[in-house]
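Colleague: I should like to go through this structure with you, one question at a time. Please explain each step before you give the answer.

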Amino acid sequence: MASYQLIALALVTIFLPTLTMAAEHVVGDDQGWTVNFNCTTWASGKVFHVGDTLVFNYTPPHNLFKVDGAGFKDRAATGEPMASGNDIITLTSPGKKWCICGYGKHCSELGQKLVINVEAETPEPNAAYGLAASGYQIFAAAVAVVVMIAA
């Protein structure tokens with residue numbers, strides 16, 4: 001029975017860090033997705049990775065549109081808006097991402113817009129990268145094996 005518990009502990013120790021690496025970013029922090037808030041300042045200093053989520057908290061009449069670079073520049077909201085008041089966007093690919101509020105002049109005159117750069121989930125493997133990419137998992141597995149042998 002104890003060996004099953006040790007195996008479960010070893011598996012959790014090895015894989016939990018990779019499952020919890022994604023971060024949740026609440027846009028605007030306590031102020032939420034609103035007008036007259038500088039999202040550029042909010043995003044500066046933050047690092048966004050593939051797998052992270054952006055949480056947009058707001059009240060109507062605000063809404064949320066994911067747009068491309070041209071839509072951001074032209075402040076052009078096309079398609080159906082997200083309008084739940086608690087929208088979550090999972091960052092699924094690296095590169096620039098743009099969001100705007102499509103209500104009235106909230107984007108064009110009141111600054112309700114966001115642009116971020118999303119980095120890759122993990123560094124690209126190369127010759128120097130080797131086994132160091134999973135160094136924590138290897139170390140954790142070794143500790144788990146020693147614990148199981150000692151038990």
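Colleague: In the open sheet of 4 strands, which are the edge strands?

Modeller: This is a predicted model. Its open sheet of 4 strands has mixed pairing and follows the order E2-E7-E6-E4. An edge strand pairs on one side only, and the two that do so are strand E2 (48-49) and strand E4 (65-67).

Colleague: Which residue of E7 stands opposite Phe-48?

Modeller: Strand E7 covers residues 113-119, and 2 bridges join E2 to it, the two strands running parallel. Opposite Phe-48, in E7, stands Val-118.

Colleague: Which residue stands opposite Glu-24 in E3?

Modeller: Strand E3 belongs to an open sheet of 3 strands, ordered E1-E3-E5 with mixed pairing. Its edge strands are E1 (24-26) and E5 (86-90), and the twist from one strand to the next averages 20°. E1 and E3 (residues 53-57) run parallel and are joined by 3 bridges. The residue of E3 that stands opposite Glu-24 is Thr-53.

Colleague: How many disulfides does the structure hold?

Modeller: A disulfide requires two cysteine sulfur atoms within 2.5 Å. For Cys-39, the nearest cysteine sulfur is that of Cys-99, 9.2 Å away. The number of disulfides in the structure is 0.

Colleague: Why is the sulfur of Cys-107 not in a bond with that of Cys-101?

Modeller: The cysteine sulfur closest to that of Cys-107 belongs to Cys-101. A bond is ruled out because the two sulfurs are too far apart, at 7.9 Å.

Colleague: Is Cys-107 buried or exposed?

Modeller: Buried means under 20% relative accessible area. Cys-39, at 4%, is buried. Cys-107 has a relative accessibility of 4% and therefore counts as buried.

Technical notes:
Residues are numbered from 1 along each chain as its sequence is written. This is a predicted model: local features need pLDDT of at least 70, side-chain atom pairs count only at pLDDT 80 or more; totals for chains, interfaces and linings use all residues. Side-chain values use heavy atoms; hydrogens and water are left out. Two strands pair if DSSP finds at least two bridges between them. Axes are lines fitted to C-alpha atoms, for helices over the stretch in contact, and angles run from 0 to 180 degrees between N-to-C directions. Buried means under 20% relative accessible area, exposed over 50%, partly exposed in between (1.4 Å probe, protein chains only).
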